[in-house]
Every structure is written in C-alpha cells, then in structure tokens.
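The following exercises concern empty space inside a protein and the surroundings of a bound ligand. Please study the sequence and the structure before reading each solution.

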Amino acid sequence: MADRSGDLSPWWRGGTIYQVYPRSFQDANGDGVGDLAGIRERLPYLRALGVDGVWLSPFYPSPMADFGYDVSDHQGVDPLFGTLEDFDALAAEARRLGLRLILDYVPNHTSSEHPWFREHPEYYIWREEPNNWVSVFGGSAWEPRDGRFYYHAYLREQPDLDWRRDDVRERMLGVLRFWCEHGADGFRIDALRQTIKDAQWRDNPVNPDWDGRDEYDSLIPAFTTDQPEVQELVRQFRETVGERLLIGELYLPIERLVAYYGSGLDMPANFHLLSTAWGAAEIAALVERYEAALPDGAWPNWVLSNHDRPRVASRTGQPAAAAMLLLTLRGTPTLYYGDEIGMTDVEIEPGREQDPWGGRRDPARTPMQWDAGGGFSAAEPWLPYGDLRVNVAAQQDDPASLLSLHRRLLRARRDFALEGYETLAADGVLAYRRGGFVIALNLGADAAATQLTGEIAVATDVARAGEHVRRETVLGPGEGIALRVP
Ligand code: GLC
C-alpha cells in the first residue's frame, strides 16, 4: 500500500496514530458516555488534523469493571457504545476519509462475566495453591473459587485465559478474523507481555530496588511476563491478520522490547518516553539507545501519553515542545486524544473516582473538550471536564494555538518522516537532524542558545515561521523550531 508521499512503505511508517478512548471522545446519544456514532461525527476533525490511523480503545460488550478491558463478548459492541451497525458505519466513514482503523485486541483475559468463564472454565488458569504472583493493580493475582484459585494479572473480574491451549487460541484467533472482516486495518494488542505464564508456576523473585509504592513492583515479573512463547503467539497473530498493522502493548526494557520485531509485530509500543526525565540529555540518551537497539528494518514507535498514564501537558509543562518532539522523532507517533489541544490531568473530587485502580487513571481520561461549554455530551459527562478554556473551538482558527501547531507539524513531517535520525546537540537544547530538516527543542526552564543555520519551517512560536537563522539562535523555555537546512 503506498503512502501519500508515493513511497512504497506501508501507510503507518510515514503516518501518525491517534488514540481515541471511546467513553470520552464524543457522546452522540446524550447519556454522558461517548459512543461510536459520536466518534464517527468527529472523524472529519481527525482528518483535518492530519492523522492517518485511529486506534479505538475497547468498545466491546463489557461489565465495565475496567472500562471495556474486561470483555464479555469479543465480537460485538456494548450497547453503551452502540451497535455493530454503528461500527460498520464508522469503519465505512473512516475509509471514505482515508483514515485507518486500529482496534484494541484484548487476548490476555476476559471478563469474569464472559460466558466462557462459566461454560469453559478449562479455558482459564486454575491452581490448587496460589504462588506469590501479584496483580498489576495490587494484591494476590489468585482468586479463590470453588476450592481452587484462578489467576488474574489485572482485576479479579479479569481472569486470564490459558493461551497454552489450542482451543483458546483457535477461538481467540477467530476474534481477529471477525474484525478483519469488519474492516479493521490493524490491532493494538493489549497486555501482550502477560499472555503466557511460566509452565512451572515458579514464584517471582523479590525486587531489591522496590520503592515501597506499587505492590506489583515488589517482585520482578520474571515468570509472569515476556515468556519466550509470547513471541510464538505473535507469529500466529501475524499469520491471522496478514499485512494489517500489529502494535503490541509491551512495557519492557528496550533490549527485550525490540526482540518482538522478529516475531512479526510491526511495532512493539515504545513507552520509554513516559518514564524518561524531561531533559535534553536524558531524551537524547534514550533515543540513541533505542535507535541502536533496533534490528535492521525495524520501524520505531513513540508514545508520550495514553489512557493509563498522566497527560503529557501535566507531566512536562511544555506541551508545544512535547508535540514537536513526538511528531519529529523517527518512527510512528501515537498521539493521545486531547493532547493536541493541551488537555491536562483533571483532578477528580474524592468519591467521584471511576477507575478501579484507586482512581489513578481518571485524570487522563476526562471528556474531550470541543468548545467552551464542553461539547462532549448533552448530559453530565461520566468524568468531569477540565479547564474549559482549553477547547477545540477556541484553537481551531488561531494560528498560535497548540492545535494549529499540531496541524503544521503533521503536515511538515510528511517531508522527513522516512528519513534517518542523528543527534546534533543535547546540552540544554536537544537538536537533531532528519533529512533536510533540523529540529531544536529547549526542554529546560531557562532560555538557551543553540548553533544552527537554516530557515524555520515550523515553530512553536508561529511568528518565527520563515525566519532565517544564521549560526546562532536563542530558544525560550519550552520553545522549539524545525529548520530547513542548506
Ligand atoms: C492494558 C490497558 C489498561 C488495562 C489493562 C488490562 O494495560 O492499557 O488500560 O487496564 O491492559 O486490560
């Protein structure tokens, strides 16, 4: 499939992926929760923004213990989000607009209310005695039931499937086929690292560096994540989906992450920017380390926020520089809804938390802010809005807005998306070359000078576009420029 620049690489190499959290994007039926019809209405916005693919977090039937990541029917749509017809209409509209649809595939576990858990308990993982494994959300990962224990890497309402069984594989591969037939252009594979567990049920080793916070981190997940057979599974996913895009959710160290290219993932999701300190030296070191670790022909991926982590604007305080970084590094960027207008983490009143993980992920999951009144729903939204001065309508026609900057960057990156990466400076200012472009970002708290020559093509300060820089220029804190260089 050719991308828009005429290159023969797949669309996603030069493209950008936008993550939609369906509960929070657009509510079309006025119940306070977003839905598929709402997303369809907003596709032209995404098209105009300039993204290429839209990844939808789960919209399948679910008791919503983990807001859709607890699936009770993999081949349907939860009534809260609409119907399968609504999905087909969304897929058709996306195709018409030239946008690709990426679905969330949740293979590690189902809801405890999935009929399989009653009718086929053998599909799940049972032991007579628990071992020391801890759930990601804290507490033992083993839940007593009828004199035995079942394993759940996440909530007790999310029992893990036994992927060592052929019947489980067959049925779950059928889920991929189903959505391919319904027009999916790719999949983001949820919790991939956990799908296979140690066959001998060995205790996880104690983590000597535990900081005493999340109980999950008290152990090293040596026997519950990243088992060699996970890659075998990926090969089966690949055979099933053909050329479609496969992204894997893999919170793993870089050396382990890149091993997954070999098994057929197009992009093991790279979350390392989420945990790297916001500074030129730290980020340059990360990029170098990652680029060096990539196997030949592997295509990079970058994530700056998602539905599980704090919003980039809150974490960095420099949303414009962050946008320029994300959209100019080599690789496919994943842009989280609302980051393009600078939405921040929203404080949730005590007692109004929704997220089963102690409410900790709610602040980054609040409704998309379309206009000064919110514009997300006619009803009270399921989570509160943040500061409504931050909204699409206010930024739409303002060339100085963060939204306009995203549009300019998404357009400009088509000229260098497939070029190489080379670090030029990492001392206060982070500067790197991408083909005929040099990007310079001041990620510090003070103004900083940098040595560059060229013509500014895109700038966080729109007034600087077209400026000729000769030898030296000064960047304010959080300021960035992309220069066309001689
Ligand atoms: C992934 C999802 C997260 C979910 C978990 C369990 O990490 O991103 O939101 O809670 O899997 O499905």
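**Exercise 1.** State the volume of the second largest cavity in this predicted model, and determine which element supplies the largest share of its lining.

*Solution.* Step 1: The second largest cavity has a volume of about 70 Å³.
Step 2: Its lining consists of Leu304, Ser305, Val312, Pro319, Ala322, Ala323, Leu326, Thr334, Leu335, Tyr336, Asp339 and His406.
Step 3: Two elements, α10 (319-328) and β11 (332-336), each contribute at least two of these lining residues.
Step 4: The largest share, 4 residues, belongs to α10.
Step 5: Sorted by class, the lining comprises 8 nonpolar, 3 polar and 1 charged residues.

**Exercise 2.** Describe the largest cavity by its volume and its lining.

*Solution.* Step 1: A search of the whole structure yields 4 cavities of 30 Å³ or more.
Step 2: The volume of the largest cavity is about 100 Å³.
Step 3: The residues that line the largest cavity are Trp55, Arg188, Ile247, Glu249, Ala269, Phe271, Asn301, Val303, Asn306 and Thr334.
Step 4: This lining divides by class into 5 nonpolar, 3 polar and 2 charged residues.
Step 5: Thr334 appears in the lining of the largest cavity, and Thr334 also appears in that of the second largest cavity.

**Exercise 3.** Identify the space that the ligand takes, and characterise the lining of the largest pocket.

*Solution.* Step 1: The ligand takes up the space of the largest pocket.
Step 2: The volume of the largest pocket is about 1200 Å³.
Step 3: The largest pocket is lined by 46 residues, of which Arg193, Tyr216, Asp217, Tyr251 and Arg309 are the closest to its centre.
Step 4: The classes in this lining are 22 nonpolar, 8 polar and 16 charged residues.

**Exercise 4.** Which residues come nearest to the ligand, and which side chains place a polar atom at a stated distance from one of its oxygen atoms?

*Solution.* Step 1: There are 13 residues around the ligand, and Asp66, Asp190, Glu249, His307 and Asp308 come nearest.
Step 2: The shell around the ligand is made up of 3 nonpolar, 3 polar and 7 charged residues.
Step 3: For Arg188, a polar side-chain atom lies 3.1 Å from an oxygen atom of the ligand.
Step 4: For Asp190, the distance from a polar side-chain atom to an oxygen atom of the ligand is 2.8 Å.
Step 5: For His307, a polar side-chain atom is likewise placed 2.8 Å from an oxygen atom of the ligand.
Step 6: On its own the ligand has 300 Å² of accessible area, and the protein covers 97% of this area.
Step 7: Two of the residues named here return from Exercise 2: Arg188 and Glu249 both line the largest cavity.

Note on methods
Residues are numbered from 1 along each chain as its sequence is written. This is a predicted model: local features need pLDDT of at least 70, side-chain atom pairs count only at pLDDT 80 or more; totals for chains, interfaces and linings use all residues. Side-chain values use heavy atoms; hydrogens and water are left out. A residue is near a molecule or strand if one of its heavy atoms lies within 4 Å of it. A polar contact is a pair of N or O atoms within 3.5 Å; within protein, one must be able to donate a hydrogen and the other to accept it, and residues adjacent in sequence count only if both atoms are side-chain atoms. Accessible areas come from the Shrake-Rupley method with a 1.4 Å probe; for residues, only the protein chains shown count as cover. On a 1 Å grid over the protein atoms alone, a cavity is a set of points where a 1.4 Å probe fits but cannot get out, and a pocket is an open set with protein on both sides within 12 Å along at least five of seven lines; lining residues have an atom within 4 Å of a point. A molecule sits in a cavity or pocket if more than half of its atoms lie within 2 Å of its grid points. Ala, Val, Leu, Ile, Met, Phe, Trp, Tyr, Cys and Pro count as nonpolar, Asp, Glu, Lys and Arg as charged, and the others, Gly among them, as polar. Grid points are joined across faces, edges and corners, and a volume is the space filled by probe spheres set on the points.
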